[in-house]
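Thanks for sharing this one. Here are my notes, in numbered points, for you to read alongside the sequence and the coordinates.

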Amino acid sequence: MEIQNTKSKFGQFGGQFVPETLMNALIELEREFEKAIADESFMEEYRYYLKEYVGRPNPLYFAENLTRKLGGGKIYLKREDLNHTGAHKINNVLGQVLLARRMGKKRIIAETGAGQHGVATATVCAMFDLECEVFMGVEDVERQSLNVFKMKMLGARVNPVTSGTGTLKDATNEAIRDWVANVDDTFYVIGSVVGPHPYPTIVRDFQRVIGDEVKEQILAKEGRLPDYLVACVGGGSNAMGLFYPFADDKDVKMFGVEAAGLGVDTDKHAATIAKGSIGVIHGMMTYVLQDDYGQIMPVHSISAGLDYPGIGPQHAYYHSTGRVSYVPATDTEAIEGFELLTKSEGIIPALESSHAIAYLMKLAPKTSKDDIIVVCLSGRGDKDMNTIMKYVGGESYGK
Amino acid sequence: MESRISEKFSELKKDGRKALIAYLTCGYPDMEATYSLVLEAEKAGVDIIELGIPYSDPLADGPIIQAASEKALEKGTNIDMIFDMAGKLREKTQLPLVIMTYYNAVFRYGAEKFLEGCKSSGIDGLIVPDLPYEEKGAISEIAKNNGTDLIPLVAPTSEDRISKLVSDASGFVYCVSSKGVTGKRSGFSEGLADFMESVRKHTELPLAIGFGISNADAARSVKDMCDGVIVGSAIIERIGQGAAKGDVAGEVRPFLKTLRDAL
Ligand SMILES: Cc1ncc(COP(=O)(O)O)c(C=O)c1O
């Protein structure tokens, strides 16, 4: 069975830059995924768990106080933070684990940065009684210790990864290496719209529930589509989930917010689109932060979930066509976004989501009162309390 | 014109010997050491050298090569230095030299420029472990035109893909001994012989077995299935031990000899 190159790519982006050992597994995965999403009984099962276990549909909340404070268009928050396990990650994990079960795989592996994807994977594996192993950079193990503890409680094995920079990119390398060694019985649940084809497509199709719901909800509340969509981008799964269903709605302007760390003019950021160039990482051709010799550069963000030197290939494509604007927000701006949302709405966002709020603070005042803005609140901030406490105590992360 | 690699394999075949292919991480512990090690290796009876370009994210490599790569990068090792070294080696030896690198290094450097660098520095072949058949179109034409052998990797999981993978290959076929990344293994499955036979059915090219061959016994156990044996991590480990003692060659030379004797 031969895969069409066009199917594996978004323009020039995407593809399958992986060791030959994985090629047949990827071909099988693509075939099984296509069968599954075309199978109404599979999708029914997926939707059943989304509703009864994850708690979907979650609200599209009109943030009245925030709207008043920022003084522009009406702001709605898509409440992914209200999902079971506290972030959007579980939508995708549920889909992939159901697929793994359908394929008869007994062992699940995953990589994680902030730990939300790891916790979601450990959770769903606990529910379905599957063996689960999570790879996590040592640096993230430290700053996300609460999530590490949760994963262990849920019965997962957490493998701290010391190679490279000890963050998400290295955890991803390690998960891929494990998969190469155990490809027969192991299913690799990837956590964002990244990796070799068909992963970016699989994750997108399991996350599009975010945008599909937003569409329905906003039509019910406002009788029309939004003018602006805003979401943070690490690998880009919550953003893709929100954007993709609106991709053909030309009047909807979309903003993906990247982590600018200490600033895009420093060497401590994770602003892949702003400062990266085209290259290959984790099996995909995309934008990547690299030096002149193609060595992947260390990245920095106050939020472990955005601390990634690449971006999903479909985002790279949207950037190249201009469909989505990718904009940076610094650590400091994210903290301001965090404080603003917490104080004005009583909603404590994840630091990742706070980047989206940070850009909203710039965007909203420039919009008019009858504009509609939807922000994806990708997750809640419980996991980040340590980081925030340190920050408030005067310790800025990663100097 | 026959490439240096095919010439070497024909020569070995005439003598009834198997190729010993040694992998070195360039710049580990430093570039001077790599340069001398190539010449040492030739003296110890190595037939082909794989020059690994150290990479920040070596997906197909295990911990030993990963760690060596990190150290080499800390020393500032880069592609230009490696081409430079290869050029200097060419003034001293006709040993076939093969570059092993990840695709992003080639892509970012510029495929045309990279292969030009290979040609002008006397590199004979190229192994890119994360460039499967479906993606290699980007460089295979350029490689063919400038006479660099693009060496395919075939894995035990390749199955129905084997015929395609070897169809337009040159130099030799890199047969991955088992699932997993580079590193040392304690033994090989019985499936290895079947796998090698199925590759053999599809090509006349020399077959080399790599990944996990850690000593003379392991080399001996696979030599009848193939035309050459690739040893990487086990050599890198000895380079590390040698560097710690201040005598890299002294540590590596006897090891290469035992491998040579086994083949
Ligand atoms: C709450 C939250 N939002 C966003 C992200 C970033 O992921 P993505 O860019 O794939 O949406 C993460 C990743 O850990 C996360 O935990």
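1. I would start with B:Asp61. Leaving aside residues up to four places away in sequence, B:Asp61 touches B:Gln66, B:Met100, B:Tyr102, B:Val181 and B:Thr182 in chain B, and A:Arg177 from chain A. Please keep in mind throughout that this is a predicted model.

2. Where does B:Asp61 sit in chain B? Its place is the loop between E2 and helix H3, the latter spanning 63-74. Is B:Asp61 buried or exposed? With a relative accessible area of 3%, B:Asp61 is buried, because the cut-off for that label is under 20%.

3. The reason to look at this residue comes from a record: UniProt, in an unreviewed entry, places the feature "active site" at B:Glu50 and B:Asp61. Both B:Glu50 and B:Asp61 belong to the lining of the second largest cavity. An annotation of this kind may be inferred rather than shown by experiment.

4. Now to the partner in that annotation. B:Glu50 lies in strand E2, residues 48-52 of chain B. Its relative accessibility is 2%, so B:Glu50 counts as buried too.

5. What does B:Glu50 touch, not counting residues up to four places away in sequence? The set runs through B:Ile21, B:Ala22, B:Tyr23 and B:Leu24, then B:Val98, B:Met100 and B:Ile127, and finally B:Tyr174 and B:Ile230. B:Met100 is therefore worth a look in the viewer, because it is in contact with B:Glu50 and also with B:Asp61.

6. The contact with A:Arg177 leads on to the interface. The contact between the chains takes 38 residues from chain A and 39 from chain B. About 3300 Å² is buried between the two chains, with carbon and sulfur atoms giving 48% of that area. Of the area that chain B buries against chain A, 22% is supplied by B:Leu59, B:Arg108 and B:Glu135, more than any other three residues.

7. There is plenty to inspect among the polar pairs. The rule finds five salt bridges across the interface of chain B and chain A. B:Lys179 forms a salt bridge with A:Asp184, where the closest N and O atoms are 2.9 Å apart. Residue pairs in polar contact across this interface number 28, with both residues at pLDDT 80 or more.

8. Which elements of chain B supply at least two residues each to the side that touches chain A? They are H3, helix H4 (79-90), helix H5 (103-109), strand E6 (153-154) and helix H8 (162-167). H5(B) gives the most, with six residues.

Technical notes: Residues are numbered from 1 along each chain as its sequence is written. Chains are lettered from A and ligands numbered from 1 in the order in which they are written. This is a predicted model: local features need pLDDT of at least 70, side-chain atom pairs count only at pLDDT 80 or more; totals for chains, interfaces and linings use all residues. Side-chain values use heavy atoms; hydrogens and water are left out. On a 1 Å grid over the protein atoms alone, a cavity is a set of points where a 1.4 Å probe fits but cannot get out, and a pocket is an open set with protein on both sides within 12 Å along at least five of seven lines; lining residues have an atom within 4 Å of a point. Helices (H or I, at least four residues) and strands (E, at least two) are DSSP runs, numbered from the N terminus. Buried means under 20% relative accessible area, exposed over 50%, partly exposed in between (1.4 Å probe, protein chains only). Contact means heavy atoms within 4.5 Å. Buried area is the accessible area (1.4 Å probe) that two parts lose on being put together, summed over both. A salt bridge is a side-chain nitrogen of Lys or Arg within 4 Å of a carboxyl oxygen of Asp or Glu. A polar contact is a pair of N or O atoms within 3.5 Å; within protein, one must be able to donate a hydrogen and the other to accept it, and residues adjacent in sequence count only if both atoms are side-chain atoms.
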